[in-house]
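Hi everyone, thanks for making time for this one. I'd like to walk you through some disulfides and sheets, so please have the viewer open.

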Amino acid sequence: MRKLWATLMACSLTLAACTDEPTGPAQSAPARPQSAPPSASPAPGLGQPTRVKVDVPPALASAPFDRERYLQLPAGWTASVYARIDKARFMTLTPSGDLLVSQPGAGTVQLVRAGAVTEFAGGLRQPHDMVFAPLNGQMYLFIAESNRVVRYPYANGDLKAHDGQVVVDGLPDTSTPELHGTYAHVLKNIAVRGETLYVSIASTCNACVQDTVSDPQRATIYTYAATGTNAARHLLARGIRNAEGLAFRPGTDELWIVVNNRDNTLVPDDRDVDGDGQSDKGKRMAQFVDDYPPEEFIKVRDGGFYGWPFCNPNSDNGLRNMPFLRDYELNRDGQKADCAKADPIDLGLPPHSAPLGLTFFNGAAIVPLHGSWNRTKPAGYKVLYVPWTASGPGDPVDLATGFVDPDGKWWGRPVDAAVDTDGTLLISDDGSGTVLRLTPPRGSAG
C-alpha cells in the first residue's frame, strides 16, 4: 500500500473530523466551464484561514527563505521548514519513522533523520515514487525509476538501501527506441497491495494516438506481481494521461489517483467563447483553455477507460461524475472512441493545477497542486484538503496557500504529502527545494 507507514500512522490520529518536471538547495460547457476553485469556506474540523509566518531555522534560511515567507493555513496551524532538499519530490516514512525523499534529477533518495539529510540510495534512473510493503514476512521499499521498479529489503533503522532486486524492468522512458529520447511524463508512480504492484505509465505527449497502440500501452495503469521480475502483467486501466499519487483508501480495496489532464484543447462544439455571437468550434482560445478540461480525481476500475486522448471530461454541469466531450483534434467524428462509454470522472479539480501527491489522512485526502505553466492566471500552487463522505470525495477546500507572491511569481511548488509520526503533515516542494512541516493545533480535531 502506498506510503504504508504514513497511512498506518494517519489512521490513529485525529486531524480531521472523522503529480510536470521537477524544479529548487540541499542542506542536511458554457463559454466558461463550471470549474470553480475550491471553496473558501473551511471543511468541518478546519479553522478559518489565517496568515502564518513560516518558521525557518537559521541554517536553512537560503532563498527563498532569505526573506520572511507566509502561508494561509487553518486557524491554529503553524508552518516551519523541516529540511532543504534540492528538487524534493515524492516522500514516504520508513517503519522506523525516518523520512525518505526522492530526487529524480539527481538519481538519489535522501533520508531525513533528526534534522540531518543523508543519501539513502544513489545511482538510480530518475527515482520518483516510493512505497513500503511487506511480502512473506519481509518489509521492502519499492522505488519507481523511469524504466523499472526495484525493491530493497528493509530492517528498522536502516540508513542505506542494500541488496536491490528488480521487480519490473523495461518500462518505457527516454531510452525506448521509438521515442527518440523524448518522453513528456517519464516519471513513474506506484502502489502495492498484497502481492500486487500497481504502476502508472504516463503519456509521452500532450495528446497523441501513438501511446494508445504501444506495447506496453502508455497513459495507463498496469499491475504486476510484486514478487517477481515482469511477472503477471495486466492492463488495469487506460485513457489516463498522467496518473499521479496512486493510493488505496485505508480499509478498502479502492485505488484512487489524481490526473494531470491535457493542455491547449480546441473548442469542441458550437459554443460562443468570446461573446461575438459566432461559434468558436475548433478554435484554440485562451478563454476556453484556461478553464478546460479539469484535472481529475478518480477511483480506478479494473478495465476502466477514462477518455484520453479521444474524450475530455465535460464540466458544463459541474465537477462530479463528469461525462465526456469528443476531442476535436483526435475524435471529432466519434470513430476513435465512444465517449458515452468512458468511465465518468468522480471529481474534477482546478484545470491545469497539476495535482501530484495523494495522501489519505483521517477521513480526508491531501492533494498538493504543483501549479500551472500555461494558464493566463496561475492555478494551483497550493495544498488541497478533500474531506471524505459516504459517497466519496467531498468538496475540496484550501489547506495551504501563499506559494505565489502578489506579483504573480511563485516561490514554492508543492508536490507530495506525508504524515509524520507525531501527526503533522510534511509537504515536499521542488520549487524551493524544501520539506515543510504543517502542524495542526495540539489536541484539536483539526
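Let me start with a term: buried means under 20% relative accessible area, exposed means over 50%, and partly exposed is in between, with a 1.4 Å probe and protein chains only. A word on where the values come from, too. This is a predicted model, where local features need pLDDT of at least 70, side-chain atom pairs count only at pLDDT 80 or more, and totals for chains, interfaces and linings use all residues. Residues are numbered from 1 along each chain as its sequence is written, and side-chain values use heavy atoms, with hydrogens and water left out.

Now, the disulfides. A disulfide here is a pair of cysteine sulfur atoms within 2.5 Å, and the structure holds 2 of them. Counting bonded cysteines along the chain, the pattern is 1-2, 3-4.

Please go to cysteine 205, which is bonded to cysteine 208 with an S to S distance of 2.0 Å. This link is left-handed, with -80° about the S-S bond. Are its cysteines buried or exposed? Cysteine 205 has 14% relative accessibility and so counts as buried; cysteine 208, at 6%, counts as buried as well.

The other disulfide joins cysteine 311 and cysteine 339, with the sulfur atoms 2.1 Å apart. Its S-S torsion is about -90°, so this disulfide is left-handed. It links distant parts of the chain, 28 residues apart: cysteine 311 sits in strand β20 (residues 311-313), and cysteine 339 in the loop between β22 (324-326) and β23 (345-349). Strands, by the way, are DSSP runs of E with at least two residues, numbered from the N terminus. Both cysteine 311 and cysteine 339 are buried.

On to the sheets. Two strands pair if DSSP finds at least two bridges between them. One open sheet has 6 strands in the order β2-β1-β3-β31-β30-β29, and its pairing is mixed. Which strands stand at the edges? They are β2 (70-74) and β29 (414-419); each has a single partner strand, so one side of each has no neighbour in the sheet. Strand β29 runs antiparallel to β30 (residues 425-429), joined by 4 bridges. Within that pairing, alanine 418 has leucine 426 of β30 as its bridge partner.

Another open sheet has 5 strands, ordered β12-β13-β14-β15-β19, again with mixed pairing. Its edge strands, β12 (189-193) and β19 (304-305), each pair on one side only. Between β12 and β13 (residues 196-201), 5 bridges make an antiparallel pairing, and valine 192 stands opposite leucine 197 in β13.
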